[in-house]
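Colleague: I have a new model open and would like to learn how to read it feature by feature. Could you take me through it?

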Amino acid sequence: MIIDVPSTDIVKIYRTLIEVITPRPIAWVTTIDAEGRINLAPFSFFNAFGANPPVVVFSPGLRRDGTKKDTLRNLEIVPEFVLNAAVEDLAEPMNATSKELPPGQSEAEYAGLALQPSTKVRPPRVAVSPVHMECRVRQIVPIGDGPIAANLVIGEVLLIHIDDSVLDPSGHVDPRKLRTIARLGGDYYCRSTDLFEMKRP
Ligand SMILES: Cc1cc2nc3c(=O)[nH]c(=O)nc-3n(C[C@H](O)[C@H](O)[C@H](O)COP(=O)(O)O)c2cc1C
């Protein structure tokens, strides 16, 4: 199969991208609006891109009707967010927080998730998640203005909380304990428990 992008429907292009670029880690993002009302949503167009300073990027796309998602609108007003680790035990509530609730209505409350205050940023953390990264927005880069257009949120990590329960005896995060999940195409996810090791040349 060959897909010529300019002559193909964007939804087909979107589906192909998420089927092929896999597995994708999940940014489970807490933000607040101008009134301090809390928003929580998952984004799998996400990764880390450098460590000095530590930089992460995720992309809340425009909705099919071209409007901005609550996370993006919140970040334009309060440019701070928390990345909560999406782990196997939290798969169902993480998915529940992807529901499109009206602005100002909390997905954390909808999913029955307790929150706890952050240290350096205003948005709170998902209490049961074992890792939280408190971040400040450095830049938001819109790429296009049509349906499903990307908005690259470039954030700097200011503070990292790691629950001791996911550490190995030498203080490294143990993937067998953290058990992050990742996104594939369609409605598929994968676990991070099928590990193999390979030394770099
Ligand atoms: C695992 C998962 C990954 C998702 N990844 C993205 C993404 O990368 N970009 C995006 O715009 N929406 C993504 N979504 C959909 C959003 O979570 C959904 O549109 C959500 O309602 C946005 O919330 P907000 O309007 O409160 O910001 C994803 C949903 C799930 C379940």
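**Reading the model**

Modeller: Let's start with one pair: in β4, the residue opposite G50 is V55. That pair belongs to β3 and β4 (residues 54-58), which pair in the antiparallel sense over five bridges. Strands here are DSSP runs of E with at least two residues, helices are runs of H or I with at least four, and both are numbered from the N terminus. Two strands count as paired if DSSP finds at least two bridges between them.

Colleague: And what should I keep in mind about the model itself?

Modeller: It is a predicted model, where local features need pLDDT of at least 70 and side-chain atom pairs count only at pLDDT 80 or more, while totals for chains, interfaces and linings use all residues. Residue numbers start from 1 along each chain, following the sequence as written.

Colleague: In what order do the strands of the open sheet come?

Modeller: The order of this seven-strand open sheet is β2-β1-β5-β8-β9-β4-β3, with antiparallel pairing. β2 and β3 (46-51) are the edge strands with a single partner each, so one side of each has no neighbour in the sheet. From one strand to the next, the twist averages 30°. On this sheet packs α2, touching β1, β2, β5, β8 and β9, and its direction makes about 50° with that of β1. For such angles, axes are lines fitted to C-alpha atoms, over the stretch in contact for helices, and the angle between N-to-C directions runs from 0 to 180 degrees. Contact is defined by C-beta atoms, placed from the backbone, within 7 Å.

Colleague: How do I read the two faces of a strand, and which residues of β5 lie on each side?

Modeller: The general idea is that side chains in a regular strand alternate between the two faces of the sheet. In β5, one side carries E80, V82 and N84 and the other F81, L83 and A85, all of them buried. Buried means 20 or more other C-beta atoms within 10 Å of the residue's own, exposed means 12 or fewer, and partly exposed lies in between, with C-beta atoms placed from the backbone. Six of the six residues of β5 are buried, so the strand is largely enclosed by the rest of the structure.

Colleague: Which strands does β5 bridge to?

Modeller: β1 (residues 27-32) is joined to β5 by four bridges, and five bridges link β5 to β8 (residues 131-143). V82 shows both: T30 has V82 as its bridge partner, and V82 stands opposite E134 in β8.

Colleague: Where do nonpolar residues gather?

Modeller: In soluble globular proteins, nonpolar side chains tend to be buried together. A nonpolar core here is a set of buried Ala, Val, Leu, Ile, Met, Phe, Trp, Tyr and Cys residues joined through C-beta atoms within 7 Å. The largest one has 29 residues, and A27, W28, V29, F58, L83 and A86 have the most contacts inside it. Its largest share, four residues, comes from β5. Setting aside neighbours within four places in sequence, A86 is in contact with I26, W28, P42, M94, T180 and I181.

Colleague: Which residues come nearest to the ligand?

Modeller: Among the 17 residues around the ligand, the nearest are A41, F45, K69, D70 and T71. A residue is near a molecule if its C-beta atom, placed from the backbone, lies within 6 Å of it. β2 (38-43) and α2 (70-77) are the elements giving two or more residues to this shell, and β2 has the largest share, four residues.

Colleague: What about unusual backbone geometry?

Modeller: Most residues other than glycine have a negative phi, and most peptide bonds are trans. Here, T22 and P23 are joined by a cis peptide bond with omega about -15°. The bond from N52 to P53 is also cis, with omega near 0°, and P53 sits in the loop between β3 and β4. I148 has a positive phi near 60°; it lies in the loop between β8 and β9. R179, not a glycine either, has a positive phi of about 55°.

Terms used. Contact = placed C-beta atoms within 7 Å.
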